[in-house]
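Trainee: I would like to go through this model and ask how each label is earned.
Mentor: Go ahead.

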Amino acid sequence: MKTESIDRTREIERSIIKKYRKSIWCCFTRAVREYELIRDGDRIAVCISGGKDSMLMAKLFQELKRHGKNNFDLVFLVMDPGYRRENRLLIESNAALLDIPLTVFESDIFDAVVSVEDSPCYLCARMRRGHLYANAKAMGCNKIALGHHYDDVIETILMGMLYGAQIETMMPKLHSQNFAGMELIRPMYLIREEDIRAWCAYNGLRFLQCACRFTGDCADGVKSSKRQEMKELLAMLRTRSDVIEQNIFNSVKNVNLNKVLGYKKDKVTHYFLDDYERF
């Protein structure tokens with residue numbers, strides 16, 4: 001890297017530890033500790049889509065390895081599902097600027113879902129996840145890290161209630177059901193999206209927002225979706241109260257089983273009448 005490029009990279013790195021220490025760095029390290037996301041000897045595939053969240057996550061992992069206990073290994077994994085050339089180049093140029101050594105593999109996922117009419121986004125996401133697990137495992141990794149943040153979590157809770165008639169959340173970590181010995185972790189779990197955007201703006205960084213071939217290049221726009229509906233709903237609720245989002249987040253760890261009609265555990269449905277007469 002040239003001297004000017006190195007200096008810019010170091011400035012970006014310092015902004016994580018200094019200017020955004022409380023809002024980003026401490027939230028990242030807190031999630032790692034609180035949810036026990038990293039153990040000695042882990043080899044973690046940091047999955048990079050090219051968006052702001054996964055790129056920041058890669059830098060956070062680098063800083064953790066540099067300043068914390070050097071007891072884990074990292075692979076920065078990019079899957080190209082059929083990106084347009086300009087999107088692939090943007091990912092590579094951002095990685096070069098941020099000094100992130102990418103491992104890239106290609107797939108034909110975009111071609112595979114092009115003719116799917118029913119829930120192509122859902123199918124695409126599942127296929128991408130499967131490819132990431134398979135390639136990470138082939139490289140000796142026991143975990144994959146995804147860049148979902150705090151806002152993703154509360155949006156997921158709301159979507160489940162309003163469109164899925166269920167109460168559940170996006171978990172900070174979970175075991176893979178299809179790849180034995182593999183685990184998914186979400187170390188950005190406690191970081192607000194507005195703080196990620198602020199970090200990008202402060203450093204003059206531009207990342208992909210949407211690189212789907214079917215919705216178009218949304219690098220400067222917003223894709224319409226149920227998740228976008230949740231963002232707009234939360235923005236409205238935020239004008240009424242500054243604790244609503246935190247309350248939504250906390251609601252799924254304060255579940256009172258004595259005050260719900262039913263719940264599911266290990267694929268078994270329990271109903272409140274099952275043991276009602278015991279009291």
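Trainee: What stands opposite Met79 in strand 3?
Mentor: Phe105 does. This is a predicted model, where local features need pLDDT of at least 70, side-chain atom pairs count only at pLDDT 80 or more, and totals for chains, interfaces and linings use all residues. Residues are numbered from 1 along each chain as its sequence is written, and side-chain values use heavy atoms, without hydrogens and water.

Trainee: What makes strand 2 and strand 3 (residues 102-106) a pair?
Mentor: Two strands pair if DSSP finds at least two bridges between them. Strands 2 and 3 are joined by 5 bridges and run parallel. Strands are DSSP runs of E, at least two residues long, and helices are runs of H or I, at least four, both numbered from the N terminus.

Trainee: Why is strand 2 (residues 73-80) called largely enclosed?
Mentor: Buried means under 20% relative accessible area (1.4 Å probe, protein chains only). In strand 2, 7 of the 8 residues are buried, so the rest of the structure largely encloses this strand.

Trainee: What makes up the right-handed β-α-β unit that includes helix 4 (residues 85-97)?
Mentor: Strand 2, helix 4 and strand 3. Right-handed means that, with the strands pointing away from the viewer, the path from the first strand over the helix to the second runs clockwise.

Trainee: How do you know that the length of helix 9 (residues 226-238) agrees with expectation?
Mentor: The expected span is 1.5 Å times one less than the number of residues. For 13 residues that should be 18 Å, and the end C-alpha atoms of helix 9 are 18 Å apart, so the two agree.

How values were computed. Buried < 20%, exposed > 50% of the residue type's maximum accessible area, 1.4 Å probe, protein only.
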